[in-house]
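I opened this entry to record what I looked up about how the parts of this assembly touch one another.

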2 protein chains.
Amino acid sequence: MTTLSPTPTFLDETNAERIVAVLREDIVRLTLKPGDPVSESETALRFGVSRQPVREALIRLSQLGLVNVRARKATRVVPISEKAVLDARFVREALEVEIMRRAAQMATPGWDRELRLLLGSQEEAVAAQDLSAFHALDEAFHRKIAELAGVGFVWDLIDAQKAQLDRVRFMTLDSNLALSLEEHKAITAAILAGDGAKAEGVLRKHLGKITTHLATGRQRFPDYFVSR
Amino acid sequence: MTTLSPTPTFLDETNAERIVAVLREDIVRLTLKPGDPVSESETALRFGVSRQPVREALIRLSQLGLVNVRARKATRVVPISEKAVLDARFVREALEVEIMRRAAQMATPGWDRELRLLLGSQEEAVAAQDLSAFHALDEAFHRKIAELAGVGFVWDLIDAQKAQLDRVRFMTLDSNLALSLEEHKAITAAILAGDGAKAEGVLRKHLGKITTHLATGRQRFPDYFVSR
DNA sequence: TGCCTCAATCTGGTATGGAAGATTGCGGCG
DNA sequence: CGCCGCAATCTTCCATACCAGATTGAGGCA
């Protein structure tokens, strides 16, 4: 039974916001499976609140494309759609390519330390084969580059897209951490060298892996996908 | 007094959705000015509904970055922030550059007719100096390219960003329609010729105009902007 | 057996009232 | 005159009740 943290009442965080965070995690990690119904009243019971904050959380999640809310029809976790995933990839790639270009232009020697720090932590995660740690560090790495390039805001958008992509990633439990780390290193080197085109090329390949994950994921969990 | 269309009840469109559309337009067209309070109860009275659908509309608008909803503080139209506008431009440019590249790669002779049709309508709007018609056609043109490139979905994201940009545009009443039309023609030609780099170049310049609008807008309406 | 009908029960959308924190303005005091 | 405190009034957030359409399942009929 998930209950809302009664103690911290973190700043002014509202119930609805906490519910969004929990449900989003449930959906991305496939605890709530694609197609599962997410009833307002049941969810309200689960969190020990009324329907209202749940309802508002679902509105937010629907804007993230994670649930499908229609009048007088059951709200459901949206099935994974190949098109939606590829669209999300398109958006992420477009945004992050531009970030890479900008980062390569702006790079200063001072960046070296910050990036190598993150790469070091990734080394450890790879050595320990700690998937979830690496996943978190992966995100931190990409976000850090955006922040260094002065467009940290953009990462919030990418994060929204990533929800679609992460569901696929969690289906396949992408495990080639060493390769990802190598690509991160290549990206870092290209940026520090001011070679935007190189960074762009590596990034596109880096992100392209989602297509193979998509195929294997679809094979392993066909009923998580929208029929076509 | 704005009242909700009582007749159509368009499909299953909900009150909250209609309110979103109206308020968004009010904000983008500066009928609701940056900093203006948008009270739940007053807005409910205005639309002749209860506070609940208004509240949900405000949640959606806050996710679009148009209003600022905080617990127990007055909800207000977010002031225009130079950074937010430039961020929105960054996002739009990144996405649309990628669309242009893709469009140039995929272009077929069949596209010619569709695009020239829109350009023709724009000619008329320019001749009539009909700003709002041109504005609508401008959006239709960019959206059409995205659709032709098979990524119409992406335009929904751009549309969300455009809300920030359009507020500035409405402040300055950008009137150099002829120049915009010329750029549209250049973009069309580049795409049909398969010259992605050329299309990208023109587009970047096309979108770059926002910076001058930002300057003049800030000069004319300083109190619409966030202080810094 | 198979299908059709209808009622019980589900769904999300809306209305309303109350609660607690924020804001505001007035009145008293130094 | 200026400042402080408090009460009236605002705000959003949440709980509860009700509504109409959708779904479902059981029962009756052919």
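My notes on the protein interface come before those on the DNA.

I kept in mind that this is a predicted model, in which local features need pLDDT of at least 70 and side-chain atom pairs count only at pLDDT 80 or more, while totals for chains, interfaces and linings use all residues. Residues are numbered from 1 along each chain as its sequence is written, and side-chain values use heavy atoms, with hydrogens and water left out.

I looked up the meeting of the two chains and found 26 residues of chain A in contact with 28 residues of chain B, where contact means heavy atoms within 4.5 Å. I then looked up the salt bridges (a side-chain nitrogen of Lys or Arg within 4 Å of a carboxyl oxygen of Asp or Glu), and the count between chain A and chain B is four. In one salt bridge, A:Glu98 meets B:Arg204 at 2.7 Å, N to O. On the side of chain A that touches chain B, I noted that H4(A) gives the most, with eleven residues, helices being DSSP runs of H or I with at least four residues, numbered from the N terminus.

Next I turned to DNA strand D, which 24 residues surround, with A:Thr14 and B:Arg51 among the closest; a residue counts as near if one of its heavy atoms lies within 4 Å. Sugar and phosphate make up 77% of the strand's atoms that come within 4 Å of the protein. I found a phosphate oxygen of DNA strand D 2.7 Å from an N or O atom in the side chain of A:Thr14, and another entry puts a polar side-chain atom of B:Ser39 3.3 Å from a phosphate oxygen of DNA strand D.

Terms used. Chains are lettered from A and ligands numbered from 1 in the order in which they are written. Helices (H or I, at least four residues) and strands (E, at least two) are DSSP runs, numbered from the N terminus. A polar contact is a pair of N or O atoms within 3.5 Å; within protein, one must be able to donate a hydrogen and the other to accept it, and residues adjacent in sequence count only if both atoms are side-chain atoms.
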